[in-house]
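Hi everyone, thanks for coming. Let me put a structure on the screen and walk you through it.

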Amino acid sequence: MPQQTSRAGQSGDFPPFAQRHLISIADLQQHEIVDLLDRAERMIAVSRQERKSLPTLSGKTQINLFFEPSTRTQSSFEIAGKRLGALVVNMSVKTSSVSKGETLVDTAATLNAMRPDVLVVRHSAAGAVELLSQKVGCAVINAGDGAHEHPTQALLDALTIRNHKGRLAGLTVAICGDIANSRVARSNLLLLGALNVRTRVIAPRTLLPAGIENLATEVFTDMEEGLKGVDVVMMLRLQHERANGKMIPSVREYYRFYGLDEARLAHAKPDAIVMHPGPMNRGVEIDPAIADGPRSVITDQVEMGVAVRMAVLDALLPTRNPA
């Protein structure tokens, strides 16, 4: 399938977006992924201007429903909604009826009665966001469900790569670390594969999930070998909260073999960029000198996150006022 690299739509003229929700990257066609990336390009410009707002979602209500703690993703969605003119409500699950025993379906029914236009949901259980989307009448965006998916993270990662490399097709991206427990890894492998990017995963065998060879182009257990000639190095943190039992001998041992330092990064291409979805475990999966170095684009990913989430909100809510 040929790579579509359109950057059209700078004027805001996009065709209607066919999807009602954004639950999984697997639900998107290649042209829909490119559409969202192109919309996000326009949103970057909006976010960089003095008046950082559009009336796109004026009169719309956005509820951020986070059953797991989050700083970057929740604040990013909140800023995105407000920059598009939406009324944004952050629902604190710890103080909600959920903490008193209310089921997810009951919560969905309660929220649906409030008639929001979009729900942004993070949940610790894979599939919970999809279940909720079947019980409400509004658009639903998956902000991360267990170890399943995190679609907007994959979109912002792709946008970051495209902006730094000028393209996506033909590049080689190495995703390194806790692949088994990472929703970021799964969403990125699906998205990059759909856009003809060569993907490598690098991890100890205990952190490689069954069937990973069906998602990644190549699988490595040796860090130096896996990094040879790559264009992008994407590091992942150890997911202690999702791992069952001892997956590694020790943090020190893990860094010794899989931590990204200058010596290992030297195996990648000289112009390779370094990424991390955050939060980082400095000195565990990445050397602080690399995280803060000239090849790091980690702060760029944060900026792209707001633009991508603005683009997703813009695409999913079809009744829009002209910008």
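I'll start with the whole chain, then turn to one threonine, and end with the cysteines.

First, a word on the source: this is a predicted model, where local features need pLDDT of at least 70, side-chain atom pairs count only at pLDDT 80 or more, and totals for chains, interfaces and linings use all residues. Residues are numbered from 1 along each chain as its sequence is written, and side-chain values use heavy atoms, with hydrogens and water left out.

The protein chain has eleven helices and nine strands; these are DSSP runs, with helices being H or I of at least four residues and strands E of at least two, numbered from the N terminus. Of its 323 residues, 54% are buried, meaning under 20% relative accessible area with a 1.4 Å probe, protein chains only. Among contacts with a separation of 6 or more, 74% join residues 24 or more positions apart; contact means heavy atoms within 4.5 Å.

Now look at helix α5, residues 151–165, which holds Thr160. Is Thr160 buried or exposed? Buried, at 0% relative accessibility. Its side chain has a polar atom 2.7 Å from the backbone oxygen of Leu156. Beyond its neighbours within four places in sequence, Thr160 contacts Met275, Val297, Asp300, Gln301 and Met304.

Finally, the cysteines. How many disulfides does a search of the whole structure find? Zero, taking a disulfide as a pair of cysteine sulfur atoms within 2.5 Å. Cys138 is buried at 4% relative accessible area, and Cys176 is buried too, at 1%.

How values were computed:
Buried means under 20% relative accessible area, exposed over 50%, partly exposed in between (1.4 Å probe, protein chains only). A polar contact is a pair of N or O atoms within 3.5 Å; within protein, one must be able to donate a hydrogen and the other to accept it, and residues adjacent in sequence count only if both atoms are side-chain atoms.
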